[in-house]
Amino acid sequence: MQAYMPGIHQYRCCPHNYGMGWPYYAEELWLASADGGLCASLYAESSVRADVADGTTVTVAERTDYPFGETVTFTLSTPRTVRFPLYLRVPGWCQAPTALVNGRPAQARGSGGYLVLDRSWQHRDTVELRLPMRTTVRTWGANRDSVSVDHGPLTYSLRIEEEWTRFAGTEDWPEYEVRPASPWNYALVLDEKDPARSLTPERTRAHAANPFTHTGTPVRMKAKARRVPAWQADDQDVAAPLQQSPVRTTEPVEHITLFPSAAARLRITAFPTAGSGRRASEWVACTASFSGVDSPQALIINATAGPADSFDQSIPRFTWWDRTGTEEWVRYEYAEPVRTSGVSVYWYDDTGHGACRVPQSWQLEYRSPAGVWQPVSGASVYGTATDTFNHVSYEPVTVTALRLRVRLRPGVSGGVLAWRVRLS
């Protein structure tokens with residue numbers, strides 16, 4: 001994030017490498033093969049002149065709108081008939097590639113992810129390679145079962161309208177921040193048996209010099225989605241971490257547009273999925289009275305897997321540092337009412353390393369329908385033990401928000417590693 005900021009020098013690699021993707025791609029379009037052949041390893045509009053077989057110089061012109069289209073056409077120029085193998089890479093996502101030579105089906109053998117056309121070539125021979133594209137949905141188990149949408153070689157992101165604000169720089173080199181001017185907190189509505197059936201790829205009429213822009217991209221994807229109101233930006237204005245899918249949301253179904261990820265400057269690319277019934281999870285918004293250095297989103301991230309101990313440095317943490325001896329709070333908010341009868345809290349304590357300790361005291365409160373915070377009834381002991389979850393049971397109550405109200409010890413701060421809520 002600091003790579004383009006004035007006076008920032010510790011990220012010197014970033015400004016150089018950001019722009020090198022295209023040169024590296026062009027550099028690897030064509031390769032020589034060890035058997036005197038030629039290999040089309042990546043696909044783009046191009047031409048190559050190369051020595052093949054016994055040293056004969058040939059030229060191959062490649063015409064395609066890949067990665068937006070699935071057809072690649074090669075036209076060969078040669079001073080005489082020459083035999084050599086032409087290797088055509090088959091991307092891993094492609095299941096049924098085909099090749100035509102001069103309009104007729106070609107005899108091609110497969111070899112390690114390539115179609116190989118080993119034949120005698122003549123001047124003006126043409127090869128038409130077709131790489132049928134299909135829409136697929138990937139599930140990211142390590143990212144709360146969120147999903148990404150692919151069509152052929154492209155991964156798609158939500159189209160988010162942009163609001164540009166200049167904040168620094170010069171007239172020649174202005175600096176802008178880009179913020180969303182349209183909703184972004186969507187969960188995809190997918191067919192359970194065939195998720196890809198819920199998505200419709202479309203061609204646009206765009207013919208721009210730069211196809212990786214909102215208005216220039218020649219392809220897009222239509223999808224159905226529901227808003228997740230509790231999914232908001234965190235205290236650093238970054239989209240809060242994903243929570244377990246499918247997520248329960250009663251917002252109306254909307255039709256949204258997805259674009260190739262490279263056409264988006266603001267990106268939602270890993271989406272939660274919308275669901276209902278017992279499998280669906282409640283989305284929890286987490287905020288705190290103060291978060292100077294440690295985000296309260298750690299509580300959501302750590303809720304499913306327990307910490308190793310109260311000084312576990314392998315997971316994110318939430319603290320109220322550098323406030324000491326004060327009364328603080330951290331809050332969960334739900335989009336829909338939930339019924340709860342218990343919580344489990346794992347306190348952060350860095351005794352011997354820093355100035356965070358378990359709290360002097362704490363209490364669980366819920367927000368009443370009138371908007372007033374009040375303690376839960378019949379609560380058991382509010383524990384402050386280290387290296388374990390402190391369980392509190394209370395009379396069942398239906399709520400839209402819960403909070404831990406915490407009194408920090410004099411002269412020290414405190415924090416929480418994980419907070420679980422037992423739903424009835």
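Strands, as the word is used here, are DSSP runs of at least two residues, numbered from the N terminus. With that in mind, the reader can turn to this predicted model and begin with the empty space enclosed in it.

The structure holds 1 cavity of 30 Å³ or more, and the space in the largest cavity comes to about 70 Å³. Its lining draws at least two residues from each of three strands, namely strand 5 (71-77), strand 6 (82-89) and strand 11 (126-130), and it is strand 5 that gives the largest share, with 3 residues. The residues that line the largest cavity are Val-60, Phe-74, Thr-75, Leu-76, Phe-84, Leu-86, Trp-121, Asp-125, Thr-126 and Val-127. Sorted by character, the lining of the largest cavity divides into 7 nonpolar residues, 2 polar ones and 1 charged one.

From the cavity, the path leads on to a single residue, Ala-233, which is found in the loop that runs between strand 19 (219-227) and strand 20 (247-248). Is Ala-233 buried, exposed or partly exposed? Its relative accessibility is 40%, and Ala-233 therefore counts as partly exposed, since that class lies between the limit of under 20% for buried and that of over 50% for exposed.

The surroundings of Ala-233 complete the picture. When neighbours within four places in sequence are left aside, Ala-233 is in contact with Trp-184, Val-238, Ala-239 and Ala-240. A further residue to locate is Ala-285, which stands 52 residues from Ala-233 in sequence, while the distance in space between the two, taken from C-alpha to C-alpha, is 9.6 Å.

How values were computed. Residues are numbered from 1 along each chain as its sequence is written. This is a predicted model: local features need pLDDT of at least 70, side-chain atom pairs count only at pLDDT 80 or more; totals for chains, interfaces and linings use all residues. Side-chain values use heavy atoms; hydrogens and water are left out. Helices (H or I, at least four residues) and strands (E, at least two) are DSSP runs, numbered from the N terminus. Buried means under 20% relative accessible area, exposed over 50%, partly exposed in between (1.4 Å probe, protein chains only). Contact means heavy atoms within 4.5 Å. On a 1 Å grid over the protein atoms alone, a cavity is a set of points where a 1.4 Å probe fits but cannot get out, and a pocket is an open set with protein on both sides within 12 Å along at least five of seven lines; lining residues have an atom within 4 Å of a point. Grid points are joined across faces, edges and corners, and a volume is the space filled by probe spheres set on the points. Ala, Val, Leu, Ile, Met, Phe, Trp, Tyr, Cys and Pro count as nonpolar, Asp, Glu, Lys and Arg as charged, and the others, Gly among them, as polar.
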